[in-house]
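Colleague: I would like to learn how to read a structure like this one. Could you walk me through some features?

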Amino acid sequence: MKTIKYIYVTLSCILFFFTSCNNNEFLEEEPKTLYTLTNAFEKSSQVEAQLTMCYYDSYTIHNFYFGNSIGNTKSSGTDAMDKTSWRVGGSGNSNFSNWSSTSGDVETVWNKFYQIISYANLTFLGTESESIVWDDEDYKTRLKAEASFFRGMSYLRLSELFGGVPLVIEFNEELKFDYVRSTREESYRQAINDLEYAFVNLPDYPLEDGRVAKGAAGHMLAEAYLAMGVETSDNSNYSKAITYANATVALHPLMTDRFGVRANPSDASTNRGVATYLPDGNVYGDLFYSGNYDFSVGNTEAVWTIQTPTYQQEDETGGQFTWEPFLVGPALRDLNWKPEFAEEDAANGPWKAISPEYSGGAIFPAYLGGFGISIDIGTKYANYEVWTDLDDLRYKEDVTVRVLFDCTDPNHSMYGQKVPMSMIDQAGFSKYAPLFAKIIPLDEWSYKSSDAMHYGANHDIYGIRSAETYLLLAEAYLRNSQPELSVDAINVVRGRAGCALLSNIDIDDILDERLRELLFEEGRWFTLLRMEPEMWKQRLYDHAMYISEFNVYTLDIKFDLWPIPEKVIQLNQDAEFPQNIGWE
């Protein structure tokens, strides 16, 4: 049962230089009572409503859903994934000559994190209201700790992407035009202060599914101290990162055996005609089935699970919904045979005709990824080249990934056989991509009974999995000149995946392991931009889609950070607000 309710609650207009209120109906109604900061909070539920918005906005950051530039942007343009050229006119996100300080995606990311900060500050303000009688001081402290987590997380992300940013640590009732950028070190310090308060005051484990607890704060602190160490060249930060990462993995060990809804051989139930029990499944695949995401069901690896909200417009049945398969899934139905493989009386492409054997009664069958439109897909490196171990559970054909697809046209001689890429016309080939079961279901079981198009799936989202914490730990040990312990940490992740264990590693090995373990989960820009520019720029030159594969961009990468949105600079008219180098 879902315990975090995502409801928009408006107490007052959130005034920062990126937001405004425009509610003419409210003005015309001439309300009898006007909320102000002095009378808005009269009961604890009003305080928790502000905290709820922190959770909701965190969902919009982590999820790929239609029209959400944040989920699409957090990795697009990196060595992990990008927007395909057929969708963006040949100029994907990593064609940096098309980026600017007026890019809408950049502005949206800035705004969203500051919106979370505003809601966190309102939560702090509510806990200080003299009008509220708190029956439970521990509850009040927990609300403050959760708000501290979200403000700390937001400042960490803003600092990683933009460098030093304005530190807004209280809610402003009036417009301000004189914000001043802090240094990046100061911004990281604010994030650390908030996260340390959260770590001390949050419970060890989530008291309700979907809420953050101590492990989430510890994970973010490990990343923040890594970032601080790189920024200041002070290695003492790496020891602190190690301490907090170890605290998190002690609370949240990896799942190493099959578990959950599709792992019980005694379960004879079905969904959409598909058996629930999956005999060929593995523990990595089990992590991503609906019903397995929460700590409360025994998933110790779930440090922070972000629950999928219910959208009224989803369909008449209600329930959970996520757009990820729709956006990331390939559009195989649009691909054609090379002329020499086309056959008379057959369709023009291997998947333009679909027999009932494959359709399951759906318009676009799960076997082909459903109704994918391939706006965002993995790079060639992330989809194919990084997978070097044949025993890797995370890349098992028809279990956790599907790389090649049977021809579904019964009138073609290749019907029922896997079609090699060499037989497909390369025109529009960017619509082709593997299906990764963590985000695009490989069978009908994960879809709703009403979903004939197969564009949405029923699952929550991991905000943090402890597999990532282990990879932060490996990095912290490596940077702290403890290579043996670094190897031990990365091998915990590789061992669970059934891979050969490593004997020595460097930072590129860690980044490669992050791709294998966390593709479509991590914000790759957050990871790369907190590191040394010479390191991440080389990875983009080597592996980014529109550089290494299509040779669109050949100039030097002239920036070290994302651009400050131009509107922010223009509206901040009473104080200097310098642009980041490379975007002036």
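Modeller: We will go through a helix, the nonpolar cores and some salt bridges, keeping in mind that this is a predicted model.

Colleague: Let us begin with a helix. How far apart are the end C-alpha atoms of helix H2, and what span should we expect?

Modeller: A helix rises 1.5 Å a residue, so the 19 residues of H2 (residues 44-62) should span 27 Å. The end C-alpha atoms of H2 are 28 Å apart, which agrees. As for its surroundings, H2 is mostly covered, with 17 of its 19 residues buried.

Colleague: And how should I think about a nonpolar core?

Modeller: In soluble globular proteins, nonpolar side chains tend to be buried together. Here the largest such core has 105 residues, and Phe149, Phe150 and Trp304 have the most contacts inside it. Helix H5 (residues 137-162) supplies the largest share of this core, 12 residues. A second, separate core has 40 residues, including Met81, Val328, Ile375 and Ile440.

Colleague: Which residues does Phe149 touch, leaving out those up to four places away in sequence?

Modeller: Phe149 touches Leu195, Ala198, Val212, Ala216, Ala217, Met220 and Trp304.

Colleague: Now the charged side chains. How many salt bridges are there?

Modeller: The count comes to 44 salt bridges. Some of them link distant parts of the chain, and one such pair is Arg530 with Glu223. Their closest N and O atoms are 3.9 Å apart. Arg530 sits in the loop between helix H16 (524-529) and helix H17 (533-543), while Glu223 is in helix H7 (residues 214-232), 307 residues apart.

Colleague: Are Arg530 and Glu223 buried or exposed?

Modeller: The cut-off for buried is under 20% relative accessible area. Arg530 has 1%, so Arg530 is buried, and Glu223, at 2%, is buried too.

Colleague: What does a salt bridge within one helix look like?

Modeller: Take Arg479 and Glu475, both in helix H13 (residues 466-479): they are 4 residues apart, about one turn of the helix. Their closest N and O atoms are 2.9 Å apart. Salt bridges can also share partners, and one network joins residues including Glu301, Arg394, Lys438, Arg465, Arg496 and Glu517.

Colleague: Where does Glu517 lie, and what does it touch?

Modeller: Glu517 lies in helix H15 (residues 507-518). At 0% relative accessibility, Glu517 counts as buried. Not counting residues up to four places away in sequence, Glu517 touches several residues, among them Tyr284, Ala467, Leu471 and Val493.

Conventions
Residues numbered from 1 in each chain as written. Predicted model: local features only at pLDDT ≥ 70, side-chain atom pairs only at ≥ 80, totals over all residues. Heavy atoms only, no water. Helix = DSSP H or I, 4+ residues; strand = E, 2+ residues; numbered from the N terminus. Expected span 1.5 Å × (residues − 1). Buried < 20%, exposed > 50% of the residue type's maximum accessible area, 1.4 Å probe, protein only. Contact = heavy atoms within 4.5 Å. Core = buried A, V, L, I, M, F, W, Y, C linked by side-chain atoms within 4.5 Å. Salt bridge = Lys/Arg side-chain N within 4 Å of Asp/Glu carboxyl O.
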